[in-house]
Amino acid sequence: MIKLVDLIQLFDDFWYIDKHLPSVKPPKLKMQMMKWEYPEEFSDKVNKKQWKNKEQPRIVLLSKDYDQYWRATQLGLTLPLDDRKLVYIRHQGNSYRKLAKLYGMSHEAIRMKYLGILVDLQNNINSQGGIDKYILANK
């Protein structure tokens, strides 16, 4: 039995994983020229102010993350197009007020529409007996 909170977390994880997936496009060479490597001295580093900045931790995606990404993608494809757009736009970090301006509705109405979509999805999943069974039944 899946809960509404689990569905919301699934779509949140989907966009988090989507943001950290490797790029599809290969990196370009700048102006198609070779980059010459000159030895850099410590005084050069100090004057750039970059030596104080720490590197950001690298995000490593695990196989369970890819599984969650696949599940959220397949669940999204079972929804009608308008509902799918609303769910995806909401989980990209947009607030209900921003969505209300986009759809021309009040933020309460857009929130109730969004929650209604997820509740219907939850009921359909629970009636099938799980996410994977629901996805296989709707292919």
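**Close-up 1. The salt bridge between Asp132 and Arg71 in the predicted model.** The side chains of Asp132 and Arg71 come together in a salt bridge, with a nitrogen-to-oxygen distance of 3.2 Å. This pair connects distant parts of the chain, since Asp132 belongs to helix α7 (residues 131-137) and Arg71 to helix α3, with their positions 61 residues apart in sequence. The structure holds one salt bridge. Asp132 has a relative accessible area of 39% and is therefore classed as partly exposed, and Arg71, at 23% relative accessibility, also counts as partly exposed because its value lies between the limits of 20% and 50%.

**Close-up 2. The surroundings of Asp65 in helix α3.** Asp65 lies in helix α3, which spans residues 63-78. Although Asp65 is buried, this residue has no salt bridge, and the nearest side chain of opposite charge, that of Lys64, is 4.6 Å away. That distance lies outside the 4 Å within which a side-chain nitrogen of Lys or Arg and a carboxyl oxygen of Asp or Glu are counted as a salt bridge, so the pair of Asp65 and Lys64 is not one. A polar atom of the Asp65 side chain does lie 3.0 Å from the backbone nitrogen of Leu62. When neighbours within four places in sequence are left aside, the residues in contact with Asp65 are Ile17 and Val60.

**Close-up 3. The packing of helix α1 against helix α6.** Helix α1 (residues 4-20) and helix α6 (residues 107-128) pack with their axes 10 Å apart and at an angle of about 110°. Because of this angle, α1 is roughly perpendicular to α6. On the α1 side the residues that meet the other helix are Leu4, Leu7, Ile8 and Phe11, and their counterparts in α6 are Tyr114, Leu115, Leu118, Val119, Leu121, Gln122 and Ile125.

**Close-up 4. Leu121 and its contacts.** Leu121 is placed in helix α6, where it is one of the residues that meet α1. With a relative accessibility of 2%, Leu121 counts as buried, because the value falls under the 20% limit. Once neighbours within four places in sequence are set aside, Leu121 is in contact with Leu7, Phe11, Leu75, Thr78, Leu79 and Tyr134. One of these contacts, Thr78, is separated from Leu121 by 43 residues in sequence, and the C-alpha atoms of the two residues are 9.1 Å apart in space.

Terms used:
Residues are numbered from 1 along each chain as its sequence is written. This is a predicted model: local features need pLDDT of at least 70, side-chain atom pairs count only at pLDDT 80 or more; totals for chains, interfaces and linings use all residues. Side-chain values use heavy atoms; hydrogens and water are left out. Helices (H or I, at least four residues) and strands (E, at least two) are DSSP runs, numbered from the N terminus. Buried means under 20% relative accessible area, exposed over 50%, partly exposed in between (1.4 Å probe, protein chains only). Lys and Arg count as positive and Asp and Glu as negative; His and the chain ends are not counted. A polar contact is a pair of N or O atoms within 3.5 Å; within protein, one must be able to donate a hydrogen and the other to accept it, and residues adjacent in sequence count only if both atoms are side-chain atoms. Contact means heavy atoms within 4.5 Å. Axes are lines fitted to C-alpha atoms, for helices over the stretch in contact, and angles run from 0 to 180 degrees between N-to-C directions. Angles under 35 degrees count as roughly parallel, over 145 as roughly antiparallel, 65 to 115 as roughly perpendicular and the rest as oblique.
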